[in-house]
Amino acid sequence: MDDRKTRLLAPCLALALAVACAASALLAQTTSVSSPAASALPPTAAAAMGTSGMRVFPLSEIRRGQQGVAYTVFEGVNPEPMQVEILGVLKDSLGPGQDMILARLHGAKPEFTGVVAGMSGSPVYIDGRLVGALSYRIGQFSKEPIAGITPIEQMLEVRDGEIRPAAAKSSRPQTTEQASTVTKSGVEMQAMETPLVFSGFGQDVIDRFGDRFRAMGLTPVAGLGSADSKASQPEPLVPGSAVSAILVRGDLSVAGTCTVTYVDPTHLLACGHPITQYGPVDMPMTKANVVATLPSPLNAFKIVNTTETVGAFTEDRASAIMGRFGARARMIPVTVEVTQPPATSSAGAAAKTKTFRFEVLDNRQLTPSAMLVSVYQSLQGTNTAAAEMSYQLTGELSVAGQPTIHLAGMVAQNDLNPAAINAALFVNDRFSRVYGNALEQPVVTGLKLRMEGIPERRTAVIESARLSTIEARPGDTIEVEATIAPYQSEARVVRLKVPLPPDLSPGQIRVLISDGAAVDRIATGQGQQRAVGLADTVAQINRMHANDRIYVTLLDKTAQAVLDGQALPGLPLSMANVLAPLKDAQKMQLSGESMVEAASASTGYAISGSQVLNLTVR
């Protein structure tokens, strides 16, 4: 063999010899703790499993040029090796005291696919000892598979510092952004993205709402994967296996996947970086089967099918996410019934009802977005969905220890969004007010929605209004005639009988003919920003006025206070002076007019607009 060939083959021979020696040495060890999963792994990984038997390669011993091996799943369920060349240690690159190891990957598959979303958590070993997890990538279009490794010492802090469920309930998220760093040269170092597979969702969902998940370091993809919690996967989870966290399951499914770094009889650590860094979490943990690994210089990721549930993820920290085997995650059950209008106008065509049942995770950061996209997809997932649609919406939101929250309204298309998006936003607004309460953490026990599709745009504007008389006495009944202009239809008149209160003060009063939103603004105190408790929030939502009715409200010239979102009309001046300190503390609002809700009428349209008329009370 000539000198040139010798020089070319020397590094490869040295690496092969090092790996073989490490494997032989590990097989000879008698101190390792055996595990049922160990037989499924190459010797290097098998010897590192267990609690007392796991051996750690200290960060202090890391040196440039060291050779190691990492494991990840490229296809199927069995981890495959790839060679790792240590380039050095980046001190404090992830924060004070949070170092990162920089490495280059070698091997036909990693050099072809590059650093792949879903690869984060892949365990790295040197001399049979666990170094850490592949978890970060450098730049967007790197020509080499260069990755950052989270040291295992930092990951084990998550296992050893587990927060108990009682403490977790009162915790708040630490951050809303995925860990990333920009170097002086402008090159970004960020956590390997977690592929978030939307099964049962259309691409339209990703296009419209994907940025909500990308902001947390998740890579949303529609249709490239599936979920089947009843599917059996007998292969155990071992270091290098794919593992999934479930956000939604049932008729719709959303799951994020990364790689297992460490396994013991009760726990596993994965990812090597946070998903949300919320802290305590509660997400179902499942096994996963990698259908294929898609290479791409822009967006390489693993196509994954999730299978059987094996526990729950309980911690989402800066260095790792942690799962507990056998734990059961609490989910929020959701039912959406969609009554579809007949596909044709032919005689005898009947409406059909399609029911979607799914569960959404219980997490302050992820749940609102997961709920929003799931409700939207439920409406879009029918053959009768169209741009020119409206929905008559009713439903109930159940919260432990609180009255049932009733949802109702006509939701239609507008100039910004189709009806399906507006319906999802309507539900999300009410849900988020409760779920995101700043003073208390609610326990949502269920959401039931009923959507009746109407194949037209059911919106109308209050065009004009008039009174049957301009003078009246307390106790009289007057008539209000309101003209509404439906979208691309002829105007119609709505008549309301309005009984005047017998204690109405003499003089001129204003009569407001309006949509429900205008009444809500007066009743709750426009501009009031003070946080209120959960019970008050529930009461406020249940007092909200429907958007498909016209309301007649009398504005009397007496003082009114708004306290905790509730109007106190007809307030005596002496009482107003007593309550003045609450106003100064921004706990209450005072106004010079009291509202008296006098009458309302259903219209069958989503009403907007208002008219103000004057009435003289004798």
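**Exercise 1. Are Phe431 and Tyr435 buried or exposed, and how are their rings arranged?**

Solution. The model is predicted, so local features need pLDDT of at least 70 and side-chain atom pairs count only at pLDDT 80 or more, while totals for chains, interfaces and linings use all residues. Residues are numbered from 1 along each chain as its sequence is written, and side-chain values use heavy atoms, with hydrogens and water left out.

Step 1 applies the accessibility classes, in which buried means under 20% relative accessible area, exposed over 50% and partly exposed in between (1.4 Å probe, protein chains only). Both Phe431 and Tyr435 fall in the buried class.

Step 2 takes the ring geometry, for which rings of Phe, Tyr and Trp (its six-membered ring) pair if their centres lie within 6.5 Å, with planes under 30 degrees apart counted as stacked, over 60 as edge-to-face and the rest as tilted. Phe431 and Tyr435 are stacked, at 5.1 Å centre to centre and with 15 degrees between the planes.

Step 3 places the pair in helix 8, where Phe431 and Tyr435 are four residues apart and therefore separated by about one helical turn; helices (H or I, at least four residues) and strands (E, at least two) are DSSP runs, numbered from the N terminus.

**Exercise 2. Classify the aromatic pair of Phe209 and Tyr376 and locate its partners.**

Solution. The search gives five aromatic pairs. For Phe209 and Tyr376 the ring centres are 5.5 Å apart and the planes stand at 70 degrees, so the pair is edge-to-face. Phe209 belongs to helix 6 (residues 203-214) and Tyr376 to helix 7 (residues 367-380), so the pair ties together parts that are 167 residues apart in sequence. Phe209 and Tyr376 are buried. Elsewhere, ring pairs link Phe198, Phe201 and Phe213 into a cluster.

**Exercise 3. Which parts of the chain does the salt bridge of Arg249 and Glu359 tie together?**

Solution. A salt bridge is a side-chain nitrogen of Lys or Arg within 4 Å of a carboxyl oxygen of Asp or Glu, and a search of the whole structure finds 19 of them. In the bridge between Arg249 and Glu359 the distance is 2.8 Å, N to O. Arg249 lies in strand 12 (residues 242-250) and Glu359 in strand 19 (residues 352-361), so the bridge joins parts that are 110 residues apart in sequence. Both ends can then be classified: Arg249 is partly exposed at 24% relative accessibility, and Glu359 is partly exposed at 28%.

**Exercise 4. Describe the salt bridge of Arg457 and Asp415, with the burial of each partner.**

Solution. The side chains of Arg457 and Asp415 meet at 3.4 Å, N to O. The pair links distant parts of the chain, 42 residues apart, since Arg457 is in the loop between strand 22 (444-454) and strand 23 (459-467), and Asp415 is in the loop between strand 21 (405-412) and helix 8 (419-435). Arg457 is buried, with a relative accessible area of 12%, whereas Asp415 is exposed at 72%.

**Exercise 5. How far does Arg430 lie from the ring centre of Phe426?**

Solution. A charge sits over a ring if NZ of Lys or CZ of Arg is within 6 Å of the ring centre and within 35 degrees of the ring normal. Arg430 lies over the face of Phe426 at 4.0 Å from the ring centre, and the charged end of Arg458 sits over the ring of Tyr605, 4.5 Å from its centre.
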